[in-house]
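Please open the structure in your viewer and keep the selection tool at hand. The tour proceeds from one selection to the next and states what is to be found at each stop.

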Amino acid sequence: MSLFWVMIRQLAEIQEQMASSKKVITREKWEKRLNHIRIRKEDMNKLVMNFLVTEGYAEAVAKFRMETGTKSDMDVAMIMDRMAVNKAVRCGNVEDAIEKVNDLNPKILDTNPELFFHLQQQRLIELFRNEKIEAALEFAQEELAPRGEENQSFLEELERTVSLLVFKDVSNCPVRELLDISQRLKTANEVNAAILTSQSHEKDPKLHSLLKMLIWAQNQLDEKATYPRIKDFLKATLENPAV
């Protein structure tokens, strides 16, 4: 957060100068500016809590709340219910996941036909994975085909999924990624986002937004100045400016 606002301030100063060449900001001067930025611990704790809640770390939420006194906008039981749905999808138990979503809030699937289709598509994929071919074809015809007739994109997705039948060797199938665990994770994340939205909560942690803002600020500042930028965001170390 502090780096972002320093960059914004520095960018404004440089744009006012309209210099013909890039301004060089030394590491010493940059760190001096950073040291003048003060962020309240309470704000940092809220940021951490938001991340834990959004990502579904129920036990960590309870422990962090007890240790820091930081309040959460969602109780632990709600988080655990949401993550039970997430786990069901990740394990391939899609029918169970649908039941759990409806127990939480039936309107989630009633008002989101795309999400419901993707869950049904995942059910079909799991049937193919378990080599229940007859059951898969029957399910596709009765549950998914009618939806495909109403929506062209659904029809295309259904055709891609059913094409898994054409290849005896899945490794040669152009849509083999549907059988990857990453497909389950993609569906699980979509369900997680829908549940969070229904609970009036952000779909993504605020940390993600802050990181995007930091990257944007650096890109803007790169055009105007040479400064100690962050290249490795995992380590968050400053690079010495190239003179």
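Begin by selecting N86. Apart from its neighbours within four places in sequence, N86 is in contact with A188 and N192. The model on display is a predicted one. N86 belongs to helix 5, and it counts as buried because its relative accessibility is 6%, under the 20% limit for that class. Add A97 to the selection: A97 and N86 are 11 residues apart in sequence, and their C-alpha atoms are 7.5 Å apart in space.

Next, select N192, which is part of helix 11, residues 181-198. Along the chain N192 and N86 are 106 residues apart, yet 6.5 Å separates their C-alpha atoms. N192 is also buried, with a relative accessibility of 12%. When neighbours within four places in sequence are set aside, the contacts of N192 are T54, R82, M83 and N86.

Proceed from N192 to R82, which is located in helix 5, residues 76-90. Which side chain of opposite charge is nearest to R82? It is E55, at a distance of 7.4 Å; R82 is buried and has no salt bridge. A salt bridge requires a nitrogen and a carboxyl oxygen within 4 Å. Now display the backbone of T54: its oxygen lies 3.1 Å from a polar atom of the R82 side chain. Beyond its neighbours within four places in sequence, R82 has contacts that include V53, G56, M74, L104 and N192.

**Salt bridges**

How many salt bridges does the structure hold? There are 10, and several may be visited in turn. Select R27 and E31, whose closest N and O atoms are 3.1 Å apart in a salt bridge. Both residues are in helix 2, residues 27-35, and they are separated by about one helical turn because they are 4 residues apart. R27 is partly exposed at a relative accessible area of 29%, and E31 is partly exposed at 31%.

Then select R40 and D43. These two residues form a salt bridge in which the closest N and O atoms are 3.0 Å apart. D43 counts as partly exposed, with 29% relative accessibility.

Continue to D96 and K100 in helix 6, residues 94-104, where the two are 4 residues apart, about one turn of the helix. Their side chains meet in a salt bridge with an N to O distance of 4.0 Å. K100 has a relative accessible area of 29% and is therefore partly exposed; D96, at 32%, is partly exposed as well. Elsewhere, salt bridges with shared partners join E126, R129 and R184 into one network.

**Loops and surface**

Select E131, in the loop between helix 8 (113-129) and helix 9. E131 is not a glycine, but its phi is positive, at about 60 degrees. Is E131 buried or exposed? With a relative accessible area of 67%, E131 is exposed.

A second residue of this kind is S200, which is not a glycine and has a positive phi near 60 degrees. S200 is found in the loop between helix 11 and helix 12 (206-222), and it counts as exposed at 71% relative accessibility.

For the final stop, select I133, L137 and L165, which make a nonpolar surface patch of about 210 Å². L137 lies in helix 9, residues 133-150, and its relative accessibility of 40% means that it counts as partly exposed.

Methods. Residues are numbered from 1 along each chain as its sequence is written. This is a predicted model: local features need pLDDT of at least 70, side-chain atom pairs count only at pLDDT 80 or more; totals for chains, interfaces and linings use all residues. Side-chain values use heavy atoms; hydrogens and water are left out. Patches are made of residues with over 30% relative accessible area and no salt bridge: like charges are joined within 9 Å, nonpolar side chains (Val, Leu, Ile, Met, Phe, Trp, Tyr) within 5 Å. Accessible areas come from the Shrake-Rupley method with a 1.4 Å probe; for residues, only the protein chains shown count as cover. Buried means under 20% relative accessible area, exposed over 50%, partly exposed in between (1.4 Å probe, protein chains only). Lys and Arg count as positive and Asp and Glu as negative; His and the chain ends are not counted. A polar contact is a pair of N or O atoms within 3.5 Å; within protein, one must be able to donate a hydrogen and the other to accept it, and residues adjacent in sequence count only if both atoms are side-chain atoms. Contact means heavy atoms within 4.5 Å.
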